[in-house]
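Q: Could you take me on a close look at the place where the ligand sits? I would like to see which contacts hold the eye there.

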Amino acid sequence: MAVTLATPLARVLGPKTATGMAEQLGLHTVLDLLRHYPRRYATRGEQADLADVQVGDRVTVLAQIRSVTTRPMRNRRGSLTEVVVGDGSGKMKLVFFNHRHGQLKPNAWGMFAGTVGEYRGEKQFAHPDMHLLDPDGDDTDWARALVPIYPASKDVSSWVIQKSVKLLLGAGGGFGELVEDPLPEEIRARHGLLPLAAALLDIHRPTTSDDVERAAQRLKWDEALTLQLTLAARRRAAALEPGTARPRKPGGLLDAVDAALPFALTEGQREVGEELAAELDRDQPMHRLLQGEVGSGKTVVALRAMAQVVDAGGQAALLAPTEVLAAQHARGIRALLGPLGRAGELDGDPAGTRVTLLTGSLKAAARREARAEVAEGRAGIVVGTHALLQEGVEFADLGLVVVDEQHRFGVEQRDALRAKGNRPPHVLVMTATPIPRTVAMTVYGDLETSTLRQLPSGRGGVSSSVVPVREKPTWLDRAWERLREEVGAGRQAYVVCPRIGDLPGDEPGDADGAPPEEDGRSDRRPPLAVLDVAEALRAGPLAGLRLDVLHGRMTPEEKDGVMRAFAAGETQVLVATTVVEVGVDVPNATVMVVMDADRFGVSQLHQLRGRVARGAHAGLCLLVTEAPSASPTGERLAAVASTSDGFELARLDLETRREGDVLGAAQSGRRSGIKLLSLLEDEALIAEARTEAWALLSTDRGLADHPGLAAEVAALASDERAEWLEKA
Ligand code: ADP
Ligand code: MG
């Protein structure tokens, strides 16, 4: 039987193993299995391995049997066998009921796999799967210094995978021929990379950790290059689409906007503005990402681009992630444009245009009217939420789509909007979450980027502190006093909580983006809730202040009403969930108190803090937490408090969150094809792969001479796996 990389595993492995691999690990072909790399490598007598395992972990450990005792059970029939195993530093107990196998002997080494349980405060495995190693036999894996430990599943243990891989690698000595290397020779030579067959051999059966490193380096290249080729191809395809040029016209809306601005543009805003103006003037659609610190003034940059498009006879759509934000944008733009934004109304300027808000909460009649304005082209500027994407919303001539706060919108949604133009419109995506360069090169690799680094001058800045309530209980009282002082001086404040409150359907849980239970504290109380905290504050430390609540379970009208009252200064303190996280702009607010700050991710905290750095007054951000200062959580919060450099924090975020979260929900390693590549550590490699990808695609023949690469790209692109690219 000729085995190739495409051969189904069912033809080379036993049916039970093949089925388990397919159903539980998603491995179907020989290549899938060979690309299922060890998670780590165990060495005999490995230090601190057993000491590290946590209750609840499903783990495989390599350890030596220290003692075996069997005794009858006290309350039931049958016997209980207790086996103590150790690996140098740690010890663990294995228990078996009615164990009849004689192989468990002191001094024998074995691999034991199971879920770590606890009995009377001691870690133990009950009935682990096990594989005893034979020190005398020709157990060649045992002879190796490094034993691969694979990501395993319920029915497919690490050593079954190990044996199956071994079978394939040993296939008649012809393994080298079995594996065709998709990577062009020149690229391999240029970057000193192993051939694929050698890399696969070394990753699965290394002798030294250098072997592993060199193998991984090569295999990471496969991942990075395929990814970059896919992105480069998408970008090239987009560049070939026909678009409509929207040149700048003097004396129109843009000039009116510039004249109406109550401030001078920053240098960054001017530069990016020029960049956009020039790109809108081309008949290829723009695809640009504008990233800029919270408060750097992206909105006005976008508005100026929209005005240019309106002046050129097109329509511009601004898509916001929430109704609160959409309403705020519409209000802000209308206020700025004055009569120029009310064309067709009594006091409107006929030379102007209309600003139309289109959200899901509009009543039927209002929605019909809004849709008609959009369809007939009376609305030059359309602001909305997802409702804009719905069927039935037609544009007369959509020229520019601006997506605010990208991380809530996927590419499908961008595409849905783009499809509403007669020709693909220009697209500007804005994000306030600074993106580490590697993420920009991967997740947003199909967009050009512009960055606003500078904040408008005259900002007071925010100072942040952690309030560790367990260690310093009085600091919380002091925090409320500070808040009262600010309010007394005419300022306003936010108090943010991770949860809404005790109504049905409000599952206690962590806020978005919070890291997993890194301190292993599974006994935490439920997170603090807006409704409870508001009540406690009204009755206690903030009694007498005008306080209101804002959360996602309110109707859009209610939310809008609360935001208006807050923006108008009628409400002094807003107790809210993270609905205030994104984009909310009330320059008079100067205090932000985040309750249970440990429940939020780094970027989220940075976003929240951005709400109080928006005016001339100095801001104050207090991160209240029960986490000990010396814990990883405490240190993470201290890091957030110590810097306001969003790029540094984005990096910290990447370190503390699982990469999958950063890349998007669909990015589990299995589906993305990304297994070894690390966005944190492989920046240089990703950049090199990007250069190679562009070079390959910019030749006339493209991938024609590299069928292996073309096949990998096609597989990634056609596969549902490509989805994660789009769900950033
Ligand atoms: P973000 O980039 O976070 O979306 P915004 O666009 O909401 O920031 O701008 C934040 C605030 O700064 C707004 O109140 C806006 O009016 C103001 N702003 C924008 N540009 C300038 C500038 N050049 N000078 C002073 N204030 C500005
Ligand atoms: Mg914004």
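A: Let's begin with K298: an N or O atom in the side chain of K298 is 2.7 Å from an oxygen atom of ligand 1. Keep in mind as we go that this is a predicted model. Next along the chain to look at is G297, where a backbone N or O atom lies 3.1 Å from an oxygen atom of ligand 1. D585 joins in through its side chain, with a polar atom 2.8 Å from an oxygen atom of the ligand. On its own, ligand 1 has 570 Å² of accessible area, and the protein covers 84% of that.

Now step back to the surroundings. Ligand 1 sits in the second largest pocket. There are 16 residues around ligand 1, and those that come nearest are G295, K298, T299, R459 and R614. K298, then, appears both among these nearest residues and in the 2.7 Å contact described above. If you sort the shell by character, you will find five nonpolar, six polar and five charged residues.

While you have the model open, turn to the aromatic rings too. The structure holds one aromatic pair. Its rings belong to Y494 and F566; their centres are 5.0 Å apart and their planes stand at 50 degrees, so the pair is tilted. Y494 is in strand β18 (residues 492–496) and F566 in helix α19 (residues 556–567), so the pair links distant parts of the chain, 72 residues apart.

Terms used:
Residues numbered from 1 in each chain as written. Chains lettered and ligands numbered in written order. Predicted model: local features only at pLDDT ≥ 70, side-chain atom pairs only at ≥ 80, totals over all residues. Heavy atoms only, no water. Near = heavy atom within 4 Å. Polar contact = N/O pair within 3.5 Å; in protein donor to acceptor, adjacent residues only side chain to side chain. Areas by Shrake-Rupley, 256 points an atom, 1.4 Å probe, with all protein chains shown as cover. 1 Å grid on protein atoms, 1.4 Å probe; cavity = no way out; pocket = protein on both sides within 12 Å on 5 of 7 lines; lining within 4 Å. Sits in = over half its atoms within 2 Å of the grid points. Nonpolar A, V, L, I, M, F, W, Y, C, P; charged D, E, K, R; others polar. Phe/Tyr/Trp six-rings, centres within 6.5 Å; stacked < 30°, edge-to-face > 60°. Helix = DSSP H or I, 4+ residues; strand = E, 2+ residues; numbered from the N terminus.
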